[in-house]
Amino acid sequence: RVQLMESGGGSVQAGGSLRLACIVSEVTGKKNFCMGWFRQAPGAERKGIAAIDNGDHSWHADAVKGRFKLLQDSDKKTLHLQMTNLKPEDTGIYYCVRRPSRTCTRGATWYNTWGQGTQVTVSS
């Protein structure tokens with residue numbers, strides 16, 4: 001069973017930076033898959049941030065374009081989310097997600113593997 005583990009969350013001041021990491025427990029063969037990040041603010045639904053497929057094609061939510069960037073290690077076992085110029089609205093629990101597929105969607109229910117989440121808090 002594939003498992004995901006997030007790390008790198010913390011508390012920062014507005015304008016600061018954080019680098020999150022998602023480690024995949026196992027990667028076998030060269031099957032196509034999508035990996036990405038969602039976040040959930042208190043009392044809100046989970047929203048997609050960004051995702052990348054095996055061919056390194058990616059999408060980013062409009063709210064984070066120009067500030068967040070996906071960085072995938074060559075072995076495909078680690079996916080980083082580099083976050084810069086953080087804003088209070090970025091506060092929430094960040095989840096790593098995954099699903100075998102040739103393409104990646106933006107729907108939370110579509111992804112079938114989720115990490116336990118890492119907290120990101122941005123103060124003004």
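Is Pro100 buried, partly exposed or exposed? Select Pro100 and take a look: with a relative accessibility of 35%, Pro100 counts as partly exposed, because that value falls between the 20% limit for buried and the 50% limit for exposed. Keep in mind throughout the tour that this is a predicted model.

**Stop 1: around Pro100**

Pro100 sits in the loop that runs between β9 and β10. Now add Lys31, Asn32, Phe33 and Asn112 to your selection; Pro100 touches these residues, leaving out those up to four places away in sequence. Draw a distance from Pro100 to Asn112, C-alpha to C-alpha, and you should read 8.8 Å, for two residues that are 12 residues apart in sequence.

**Stop 2: Arg98, back in the strand**

Step back along the chain to Arg98, which is found in strand β9. Its relative accessible area is 10%, so Arg98 is buried. Show what surrounds Arg98: beyond its neighbours within four places in sequence, Arg98 is in contact with residues including Val2, Leu4, Val24, Phe33, Cys34 and Met35. Tyr111, Asn112 and Thr113 are also among the contacts of Arg98. Thr113 deserves a second click, as Thr113 is the bridge partner of Arg98 in β10.

**Stop 3: strand β9 and its partners**

Next, select the whole of β9, residues 92–99. Six of the eight residues of β9 are buried, so this strand is largely enclosed by the rest of the structure. Which strands pair with β9? Colour them one by one:

- β4 (residues 34–40) pairs with β9 in the antiparallel sense over seven bridges.
- β11 (118–123) pairs with β9, again antiparallel, over three bridges.
- β10 (113–114) pairs with β9 over two bridges, also in the antiparallel sense.

Tyr94 is a good residue to centre on here. Arg39 stands opposite Tyr94 in one pairing, and Thr118 in β11 stands opposite Tyr94 in another.

**Stop 4: the disulfides**

How many disulfides does the structure hold? There are two, and with bonded cysteines counted along the chain they follow the pattern 1-3, 2-4.

Begin with Cys22 and Cys96, whose sulfur atoms are 2.0 Å apart in their disulfide. Cys22 belongs to strand β3 and Cys96 to strand β9, so this pair ties together parts that lie 74 residues apart in sequence. Both of these cysteines are buried. The torsion about their S-S bond is about -80°, so this disulfide is left-handed.

Then move to Cys34 and Cys104, where the sulfur atoms of the disulfide are 2.2 Å apart. Cys34 lies in strand β4 and Cys104 in the loop between β9 and β10, so this link ties together parts 70 residues apart in sequence. The torsion about the S-S bond is -105°, and the link of Cys34 and Cys104 is left-handed. Cys34 has a relative accessible area of 0% and is buried. Cys104 also counts as buried, because its 18% relative accessibility is under the 20% limit.

**Stop 5: the four-stranded sheet**

Switch to a cartoon view and find the open sheet of four strands, ordered β1-β3-β8-β7 with antiparallel pairing. At its edges are β1 (4–7) and β7 (68–72), each of which pairs on one side only. Neighbouring strands in this sheet are turned by 15° against each other on average, with direction ignored.

Zoom in on β3 (residues 18–24) and β8 (residues 78–83), an antiparallel pair with six bridges. Leu18 has Met83 as its bridge partner in β8.

**Stop 6: the nonpolar cores**

For the last stop, show side chains. The largest nonpolar core has 24 residues, and those that touch the most other members are Met35, Trp37, Ile49, Phe68, Leu81, Met83 and Tyr94. Two or more residues each come from β3, β4, β5 (47–53), β7, β8, β9 and β11. Strand β3 gives the largest share, four residues.

Select Phe68 to look around from inside this core: leaving aside neighbours within four places in sequence, its contacts include Arg39, Ile49, His60, Leu81, Met83, Leu86 and Tyr94. Finally, look for a second, separate core of eight residues, with Phe38, Ala51, Val97 and Trp110 among them.

Definitions and conventions: Residues are numbered from 1 along each chain as its sequence is written. This is a predicted model: local features need pLDDT of at least 70, side-chain atom pairs count only at pLDDT 80 or more; totals for chains, interfaces and linings use all residues. Side-chain values use heavy atoms; hydrogens and water are left out. Two strands pair if DSSP finds at least two bridges between them. Axes are lines fitted to C-alpha atoms, for helices over the stretch in contact, and angles run from 0 to 180 degrees between N-to-C directions. A disulfide is a pair of cysteine sulfur atoms within 2.5 Å. Buried means under 20% relative accessible area, exposed over 50%, partly exposed in between (1.4 Å probe, protein chains only). Contact means heavy atoms within 4.5 Å. A nonpolar core is a set of buried Ala, Val, Leu, Ile, Met, Phe, Trp, Tyr and Cys residues joined through side-chain atoms within 4.5 Å.
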